[in-house]
Amino acid sequence: MKRLALLVAVLVVLSGATTQANAIGLFGAWQNASDLDSGFGIGATALIGLGLIRIDPRVSWYSYGDTDVNVFPLDCAAEIDLGIIYGGLGASYYIVDSGLSDRWGFYALAGVKLKLSKITLFGDLIWRGSETLDSIDFS
C-alpha cells in the first residue's frame, strides 16, 4: 500500500509538472538484467528544458519474464541536450514487489532524438546500477 501511495504521489507531481514542461511523453522499454529474465515495461516522462541543460523525470514499470518480480523505477536525470543527441546522469528509487527490498540507484544515459512536427521520436541507451548489486543488478 505504501508503494502504491508513493507511485500515485509521483504521478500527481509529474502531471502537475507537465504544464511547465517542454515535452511530455510515453515510452516502451526493455532491460537486460543479469540476475533476472529480460524485463519489458512502459513509462512516462516530462522533460523540462533549461537551455542546454534539461531535467528528465520519469516513472516506469517493468515486468521480468516468468518471475513474479515487478519494478517501478522513479528516475530523475540532468541531461545535456546537443540537438539530435543528448546524454546525462540520473538517480533512481526502485520500488520492487515480490518481497524484495526497495533500493536507490543511479544511471548514465545517451540518446538520439528526431523531431517530427508535433512529436519527437527518441531512443536511449541506459546503464543502471543499484545500491545492493548482490541481490539484483539492474544493468
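Where is the place of serine 117? Select it: serine 117 sits in the loop between E6 and E7. This tour returns there at the end.

**Before you start**

This is a predicted model, in which local features need pLDDT of at least 70 and side-chain atom pairs count only at pLDDT 80 or more, while totals for chains, interfaces and linings use all residues. Residues are numbered from 1 along each chain as its sequence is written, and side-chain values use heavy atoms, with hydrogens and water left out.

**Stop 1: the whole chain**

Show the cartoon. The secondary structure comes to 1 helix and 7 strands. Helices (H or I, at least four residues) and strands (E, at least two) are DSSP runs, numbered from the N terminus. Along the sequence, the pattern reads α-β-β-β-β-β-β-β. The chain has 139 residues, and 38% of them are buried. Buried means under 20% relative accessible area, exposed means over 50%, and partly exposed lies in between (1.4 Å probe, protein chains only).

**Stop 2: the sheet**

Colour by strand. The 7 strands form an open sheet in the order E1-E2-E3-E4-E5-E6-E7, with antiparallel pairing. E1 and E7 stand at the edges with a single partner strand each, so one side of each has no neighbour in the sheet. From one strand to the next, the twist averages 25°. Such angles run from 0 to 180 degrees between N-to-C directions, and the axes are lines fitted to C-alpha atoms, for helices over the stretch in contact. Two strands pair if DSSP finds at least two bridges between them. Strands of a sheet pair through backbone hydrogen bonds, either parallel or antiparallel.

**Stop 3: E1, residues 23–31**

Select glycine 28 in strand E1. Glycine 28 counts as exposed, at 62% relative accessibility. Now add glycine 41. The two glycines, 28 and 41, are 13 residues apart in sequence and 5.8 Å apart in space, C-alpha to C-alpha.

**Stop 4: E3 and E4**

Select 53–64 for E3 and 70–81 for E4. These two strands run antiparallel and are joined by 9 bridges. One pair to pick is valine 59, whose bridge partner in E4 is leucine 74. E3 and E4 form a hairpin with 5 residues between them, and glycine 65 in its turn has a positive phi of about 45°.

Stay on E3 and select arginine 58. Arginine 58 is buried, with a relative accessible area of 6%. Its side chain makes a polar contact with the side chain of aspartate 56, at 2.9 Å. A polar contact is a pair of N or O atoms within 3.5 Å; within protein, one must be able to donate a hydrogen and the other to accept it, and residues adjacent in sequence count only if both atoms are side-chain atoms.

**Stop 5: E4 and E5**

Add residues 85–96, strand E5. E4 and E5 run antiparallel, and 11 bridges join them. Aspartate 75 stands opposite serine 92 in E5. Glutamate 79 has glycine 88 as its bridge partner in E5.

Zoom in on glutamate 79 in strand E4. Is glutamate 79 buried or exposed? Glutamate 79 counts as buried, at 0% relative accessibility. Its side chain makes a polar contact with the side chain of arginine 54, at 2.5 Å.

Next, select glycine 83, in the loop between E4 and E5. The hairpin of these strands has 3 residues between them, and glycine 83 takes a positive phi near 90°. Glycine 83 is partly exposed, with a relative accessible area of 40%. Measure across to lysine 115: glycine 83 and lysine 115 are 32 residues apart in sequence and 9.7 Å apart in space, C-alpha to C-alpha.

**Stop 6: the largest pocket**

About 470 Å³ of space lies in the largest pocket. Of the 21 residues that line it, the closest to its centre are Ala23, Leu47, Arg54, Lys113 and Thr120. On a 1 Å grid over the protein atoms alone, a pocket is an open set of points where a 1.4 Å probe fits, with protein on both sides within 12 Å along at least five of seven lines; lining residues have an atom within 4 Å of a point. Grid points are joined across faces, edges and corners, and the volume is the space filled by probe spheres set on the points.

E1, E2, E3, E4, E6 and E7 each supply at least two residues of the lining. The largest share, 4 residues, comes from E1. The lining divides into 7 nonpolar, 6 polar and 8 charged residues. Here Ala, Val, Leu, Ile, Met, Phe, Trp, Tyr, Cys and Pro count as nonpolar, Asp, Glu, Lys and Arg as charged, and the others, Gly among them, as polar.

**Stop 7: back to serine 117**

Return to the loop between E6 and E7. Serine 117 is exposed, with a relative accessible area of 82%. Serine 117 has a positive phi of about 50°, although it is not a glycine.
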